[in-house]
Amino acid sequence: MTATSAVDPGATQGSAHERGPGGRMPALYLSHGAPPLADDALWPGQLAAWSAALPKPKAILMVSAHWEEAPLALGAVETVPLVYDFWGFPEHYYQVTYAAPGAPELADSVRKLLRGAGTPVQDIEDRGLDHGAYVPLVEMFPAADIPVLQISLPTLDPQRLMEIGRKLAPLRDEGVLIVGSGFFTHNLAALRHQGGGVPAWSAEFDDWGARALAAADVDALLDFARKSPAGRLAHPRTEHFAPLFVTLGASDAYGELGAQRSVIDGFWMGLAKRSVQFG
């Protein structure tokens with residue numbers, strides 16, 4: 001497996017350890033990788049450098065492409081086993097653990113913010129972190145000493161997800177790192193039918209998406225299936241792009257859409273691993 005990428009050097013300066021206005025945490029969208037990410041020569045170090053440049057969160061709120069549940073669900077608020085939601089990998093990938101502390105206080109805050117705004121919320125007490133959550137966390141926060149709460153995607157509608165992100169935005173002022181975990185391009189079926197290298201649809205969508213983010217063109221991003229090149233080749237379903245919209249909402253609530261940068265870019269097995277920080 002090979003990866004090509006760059007890390008924004010501005011993301012690793014000492015000043016990046018400072019929180020934003022009023023101690024506000026940034027909001028992230030990251031491409032999370034598959035379990036073999038841990039064996040890549042480049043990507044784990046990029047994720048580790050990114051987290052080292054962040055202020056240490058009091059808690060982490062994860063929204064993963066791999067959990068769709070309606071109404072919006074909170075995963076276990078206490079530590080439970082991970083969800084190994086993948087098949088056919090070598091056994092050692094199923095032995096990975098990540099026993100982060102539970103986050104009952106964060107769960108209470110999420111319930112208040114969402115239920116108070118009229119959004120139904122349910123609890124699924126035995127639902128542990130899936131690979132969209134724990135795979136990047138193992139690389140970014142390997143000590144597993146920060147409370148983590150995962151919530152589901154209750155919809156794939158970008159507008160509704162942005163609104164959920166806006167409602168969750170106040171958590172950032174409480175030291176919570178909001179992380180949308182997906183993949184900037186994701187079409188495994190198409191990859192199986194072509195040779196090595198980066199497919200044109202992945203490169204074209206990545207370039208378009210980078211420009212749309214830099215321009216804070218939310219309208220284009222919301223309508224990516226029609227306004228981007230190869231939008232439905234890059235994302236046959238929206239689930240791996242969907243977490244971006246929660247992050248966008250959590251950023252838009254503070255007018256930070258223009259204060260973003262791609263911290264990691266490049267490709268992994270032909271898929272764009274662009275990962276973005278707001279604030």
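**Reading a predicted model: core, helices and one buried glutamine**

User: Which residues does Leu61 touch, leaving aside those up to four places away in sequence?

Analyst: In this predicted model, the contacts of Leu61 are counted without residues up to four places away in sequence. The residues that Leu61 then touches are Leu106, Val110, Leu149, Ile151, Leu168, Leu171, Val176, Leu177, Ile178 and Val179.

User: Which residues touch the most other members of the largest nonpolar core?

Analyst: The largest nonpolar core has 82 residues, and helix H10, which spans residues 242-252, gives the most to this core, with 6 residues. The members that touch the most others in the core are Leu61 and Tyr98.

User: How many of the residues of H10 are buried?

Analyst: Among the buried residues of H10 are Leu244, Phe245, Val246 and Leu248, and Thr247 and Ser251 are also buried there. Helix H10 is largely enclosed by the rest of the structure, because the number of its 11 residues that are buried is 10.

User: Why do the buried residues of H2 lie on the same side of the helix?

Analyst: Helix H2 covers residues 104-115 and reaches 16 Å from its first C-alpha to its last, close to the 16 Å expected at 1.5 Å a residue. Its buried residues are Leu106, Ala107, Val110, Arg111 and Leu114. They are on the same side of H2 because the arc they cover around the axis is only 140°. In general, an α-helix has 3.6 residues a turn, so residues three or four places apart point the same way.

User: Which exposed residues are carried by the face of H2 turned away from its buried side?

Analyst: The buried residues of H2 pack against several elements, including strand E3 (59-68), helix H4 (158-168) and strand E7 (176-182). On the face turned away from that buried side, the exposed residues are Glu105 and Lys112.

User: Is Gln277 buried or exposed?

Analyst: Gln277 is found in strand E11, residues 275-278, and its side chain makes a polar contact of 2.8 Å with the side chain of Trp50. Beyond four places in sequence, Gln277 touches residues including Pro26, Leu54, Arg261 and Val263. Because its relative accessibility is 5%, Gln277 counts as buried.

User: Over which residues does pLDDT stay under 50?

Analyst: The chain has a mean pLDDT of 91, and 91% of its residues reach 70 or more. One stretch, for which the model has 44 contacts beyond four places in sequence, stays under 50, and that stretch is residues 1-16.

Terms used: Residues numbered from 1 in each chain as written. Predicted model: local features only at pLDDT ≥ 70, side-chain atom pairs only at ≥ 80, totals over all residues. Heavy atoms only, no water. Helix = DSSP H or I, 4+ residues; strand = E, 2+ residues; numbered from the N terminus. Buried < 20%, exposed > 50% of the residue type's maximum accessible area, 1.4 Å probe, protein only. Polar contact = N/O pair within 3.5 Å; in protein donor to acceptor, adjacent residues only side chain to side chain. Contact = heavy atoms within 4.5 Å. pLDDT = per-residue confidence, 0-100. Core = buried A, V, L, I, M, F, W, Y, C linked by side-chain atoms within 4.5 Å. Expected span 1.5 Å × (residues − 1). Arc of directions from axis to C-beta.
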